[in-house]
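This report describes the arrangement of strands and helices in one protein chain. Please consult the sequence and the structure shown here alongside the text.

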Amino acid sequence: MDIETSSAIKLFFPNPSLVLVYYEAVANALDAGATNIEIAISIEAFTAPETLKIEVRDNGSGFTDESFDRFKTLMKPKDGFHKGIGRLVFLNYFDSVEVNSEWESKQRKFIFKENFDGKSLVKELLSTAHRNKTTLLFTKFSKDKVKSYDDLRPGSLKEKIISHFLPTLNNCRDKGIDFKITIDLETEESNAQKEFFSSKETITFEDLPELKLKEIRNDEIDAYSEINMHYFIRETNSPANLLTAVNIDGRTIPINLIQSSSIPHGYSAAFIFSSDLFSASADSSRQKLLLPDELPESTLYALLRREIGRVLMEGIPKISEANTKTKKKFEDQFPHLLGYFDGSTVGLIDRDEALNGAQQKFFRIQKEILQCETMSDAIYEKSLEASARTLTEYILYREKIIAKMKAMTPENSEAEIHNLIVLRWENFGQEEIASDVYQNNAWLLDDKFMTFRTILSEARMDKVINAIRLNEDATEESGRPDIAMIFSADPEDSDPVDVVVIEIKKKTDDEKENQYAVNQLLERADKLVQYCGNIQRIWYYAVLEINDSFERSLRQQKWASIFSKGRVYYQEFPTYRKDQTIVPTPIFIMSFDAIVSDAAGRNHTFLEILRAAMRHHSDGILKKGVNQP
């Protein structure tokens, strides 16, 4: 019977792979009762795919009349487990498959190719003392290239074949059937970098892992059928390797239950599930599990993941230890997401995946709150919690700013330090407070400055700087002293405003220079008040090098020492307007380390309070056994 194979290949094997050729040839041999299978691969060079030949020899029952009848007729399987189309994958890679089969006293020869006509040459063998043997010779490779060295390397193919046929091979071992599968590669051109060279591997029962059995019963899945989980966990010297699959007709169909990253380095594990629930539930190419409609994939996979998780926690103590450390890091680094991390993680916690999942849950809660038209008690509670989490996120951001400032060295310019505290030459307004709060870092000096919103544009700042310039100013390349300012409101409006001025003086131990710098502050404050008549208060911060000698001098001048982890001195001065009214001008002289350490202390207190609240909320979720959506 003629077969139009090209269309059938596309229909039944939409995602073919060269390794399927080996699988199908080995499967046919095992189905025929073969105990000795030899795979001989020859190629001149990996870059010469047209020279590729594969020969598969076995001692199975051969192409008898009955088996050949099934072979030549598409979709005529021998039972409910077989598809009757596996051989089509041969023609996806090779234009010709020469078959030579001997059984009893007969020999059958034919060439399987495009539009195979179902004919073969059969003859009687003269010798009666012979052994069954079948040879499949694959020639005329039809692809432009071999995609992977692993498709030809005996070592890689050995691992793949064991994984794919593990249920069948394990069953042979249990029955005491001695088997041997040999994979031999011959190549004229080696590639040491790719570990590609002539080599040979053998598979026997000694290569199979010892499988343990665990029976799984769940009435939600099925009240009558159980699921058998055969598994092994063993230490290796290789990177983590994991197989999760179902057993259908002695062959494994991989299913994506957990990622290989769930297994620590140096461990290998396999979990193979078998059950009447999904027998014969594979697609035509045996690459995908097809479950019956009455068995939801999500329900089944959740059950299987849970069982895998229990075994992994018992079999690999490192997982529990590593997860405990990861959770502690989450608590320290992302306290605003506590309670949103998936509590049903199997194996090692994937940090990026866990963070992304928790963040998405947080976003969904925020969206629910913002979209609600009326605030019920439940939504009100959620809004309080979400607000606390958002505040925690902001405090975490402040930790990063403090760390960045702490890392600054004398090599950093004054402009860089100013920009970290307040982005110069930018306009911030109340209408953008939610985003601008992440750019205004004046809280480094005092938390009350978080509410100050207005920073002058470059053009307006130029006018102010020119107005308050001193003759002695050391200027930047732009020709202006490096000063940062932030106002409580727009200084050009009629309402009174406060202004924070930050000026960093060049580091020096010269007491005279430092004292002179302090006097300059008063002179600049006077110029600023004369220029901007609606200023009601100037908060002046001067960052200086404060050594012991300068500190004594400040005390003599009645500067008050303020509690700090660094050195901070304070004194309030009167600055007079033209009408002789007073603008209070508190001046803070502080060391650079005082800014960093004091900000860190305040922020840490906030963070610990919020972290405790998030931890308490997370514990409440766990006690309820609910994973917050």
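## Sheets and helix packing

Helix α2 (residues 19-31) lies across five strands, namely β1 (36-43), β2 (53-58), β3 (94-103), β6 (133-141) and β7 (180-187), and runs at about 155° to β1. Helices (H or I, at least four residues) and strands (E, at least two) are DSSP runs, numbered from the N terminus. Axes are lines fitted to C-alpha atoms, for helices over the stretch in contact, and angles run from 0 to 180 degrees between N-to-C directions. Helix α3 (residues 65-72) also packs on the sheet, where α3 touches β3 and β4 and its direction makes about 10° with that of β4; contact here means heavy atoms within 4.5 Å.

The model is predicted: local features need pLDDT of at least 70, side-chain atom pairs count only at pLDDT 80 or more, and totals for chains, interfaces and linings use all residues. Residues are numbered from 1 along each chain as its sequence is written, and side-chain values use heavy atoms, with hydrogens and water left out. The protein chain averages a pLDDT of 81, and 83% of the residues score at least 70; pLDDT is the predictor's confidence in each residue, from 0 to 100. Over residues 79-84 the pLDDT is below 50, although this stretch has 21 contacts in the model beyond near neighbours in sequence. Residues 625-629 likewise stay under 50 in pLDDT, and the model has 16 contacts for them beyond four places in sequence.

**The eight-stranded sheet.** The sheet beneath α2 can be followed strand by strand. An open sheet is formed by 8 strands in the order β5-β4-β3-β6-β2-β1-β7-β8, with mixed pairing; two strands pair if DSSP finds at least two bridges between them. Its edge strands, each pairing on one side only, are β5 (121-124) and β8 (199-203). From one strand to the next the twist averages 10°. Strands of a sheet pair through backbone hydrogen bonds, either parallel or antiparallel.

At one edge, strand β4 (residues 106-112) pairs with β5 in the antiparallel sense over 4 bridges, and Gln107 stands opposite Lys123 in β5. Toward the other edge, 8 bridges pair β1 with β7 in the parallel sense, and Ala40 stands opposite Asp184 in β7. Asp184 also has Lys200 as its bridge partner in β8, where β7 and β8 pair in the antiparallel sense over 5 bridges.

**The six-stranded sheet.** A further open sheet of mixed pairing has 6 strands in the order β14-β15-β16-β19-β18-β17. The edge strands β14 (483-487) and β17 (560-561) each pair on one side only. Strand β18 (residues 568-576) runs antiparallel to β17 and is joined to it by 2 bridges; Ser561 has Tyr569 as its bridge partner in β18. Helix α10 (residues 414-421) packs on this sheet, touching β14 and β15 (497-504), and its direction makes about 150° with that of β15. Helix α14 (residues 548-556) lies across β17, β18 and β19 (582-590) at about 45° to β18.

**Helix pairs.** The table gives the packing geometry of three helix pairs.

| Helix pair | Angle | Axis separation |
|---|---|---|
| α2 and α5 (residues 154-174) | about 40° | 11 Å |
| α9 (residues 377-406) and α10 | about 170° | 11 Å |
| α8 (residues 351-371) and α9 | about 130° | 10 Å |

Angles under 35 degrees count as roughly parallel, over 145 as roughly antiparallel, 65 to 115 as roughly perpendicular and the rest as oblique. The angle of about 170° between α9 and α10 therefore makes them roughly antiparallel to each other, whereas α8 and α9 are oblique to each other.

A crossing is left-handed if the near helix is turned anticlockwise from the far one by less than a right angle, and right-handed if clockwise. α2 passes α5 in a right-handed crossing. Their contact involves Val19, Tyr22, Tyr23, Val26, Ala27 and Leu30 of α2, together with Leu157, Lys160, Ile161, His164, Phe165 and Thr168 of α5. By class, these residues divide into 9 nonpolar, 2 polar and 1 charged; Ala, Val, Leu, Ile, Met, Phe, Trp, Tyr, Cys and Pro count as nonpolar, Asp, Glu, Lys and Arg as charged, and the others, Gly among them, as polar.

The crossing of α9 and α10 is left-handed. Ile401, Lys404 and Met405 of α9 make this contact with Ile417, Leu420 and Ile421 of α10, giving 5 nonpolar, no polar and 1 charged residues.
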